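Trainee: Could you take me through one part of this model in detail? I would like to see the nonpolar core and the disulfide.

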Amino acid sequence: QVQLVESGGGLVQAGGSLRLSCTASGMIYSINVMGWYRQAPGKQRELVATISTGGSTNYADSVKGRFTISRDNARNPMYLQMNSVKPEDTAVYYCNADVRAYGTPSRIFWGQGTQVTVSS
């Protein structure tokens, strides 16, 4: 069983910063691409950023220059540094990872989500 657990969400004022963390646990053989997604009330879940095992990153246009995704090594944990946050960044943020567990093929796992609320 593989689990992804997010932490670091909370309430922050516009212009402030927040750092989210995602830790994977379980019978993990390898982790490939990891990413952050978010879902605001009444909206579809959307990509925020992804990072490969080699460190290549990809960002949504709405967060470029403000958010930074990183990971300590090729496995975990993974972080999302959120700077200059805006009220429109308010959402539940989900960790996502392509994980190969021992004895199974790779599949996508999701965390339970962490709430980020930005006050104006």
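Mentor: Happy to; here is a walk through the core, the disulfide and then two spots with partly exposed residues.

This is a predicted model, in which local features need pLDDT of at least 70, side-chain atom pairs count only at pLDDT 80 or more, and totals for chains, interfaces and linings use all residues. Residues are numbered from 1 along each chain as its sequence is written, and side-chain values use heavy atoms, with hydrogens and water left out.

Let's begin with the core. The largest nonpolar core holds 32 residues, and Trp 36, Leu 80, Met 82 and Tyr 93 touch the most other members. Such a core is a set of buried Ala, Val, Leu, Ile, Met, Phe, Trp, Tyr and Cys residues joined through side-chain atoms within 4.5 Å; buried means under 20% relative accessible area, exposed over 50%, and partly exposed in between (1.4 Å probe, protein chains only). At least two residues of this core come from each of β1 (2-7), β3, β4, β5 (46-51), β7 (67-71), β8 (78-82), β9 and β11 (114-119). Strand β9 gives the largest share, 6 residues. Strands here are DSSP runs of E, at least two residues, numbered from the N terminus. In soluble globular proteins, nonpolar side chains tend to be buried together.

Take Leu 80 as a close-up. Leaving aside residues up to four places away in sequence, Leu 80 touches Leu 18, Arg 19, Leu 20, Trp 36, Val 48, Phe 67, Thr 68, Ile 69 and Tyr 93, where contact means heavy atoms within 4.5 Å.

Now the disulfide. Searching the whole structure gives 1 disulfide, defined as a pair of cysteine sulfur atoms within 2.5 Å. Cys 22 is joined to Cys 95, S to S 1.9 Å. The pair links distant parts of the chain, with Cys 22 in strand β3 (residues 18-26) and Cys 95 in strand β9 (residues 91-101), 73 residues apart. Both Cys 22 and Cys 95 are buried. The torsion about their S-S bond is about -65°, so the disulfide is left-handed.

For contrast, look at Thr 57 in strand β6 (residues 57-59). Thr 57 is partly exposed, at a relative accessible area of 40%. Not counting residues up to four places away in sequence, Thr 57 touches Thr 50, Ile 51 and Ile 69.

Lastly, Tyr 29 lies in strand β4 (residues 28-39) and is partly exposed, with a relative accessible area of 45%.

How values were computed
Helices (H or I, at least four residues) and strands (E, at least two) are DSSP runs, numbered from the N terminus.
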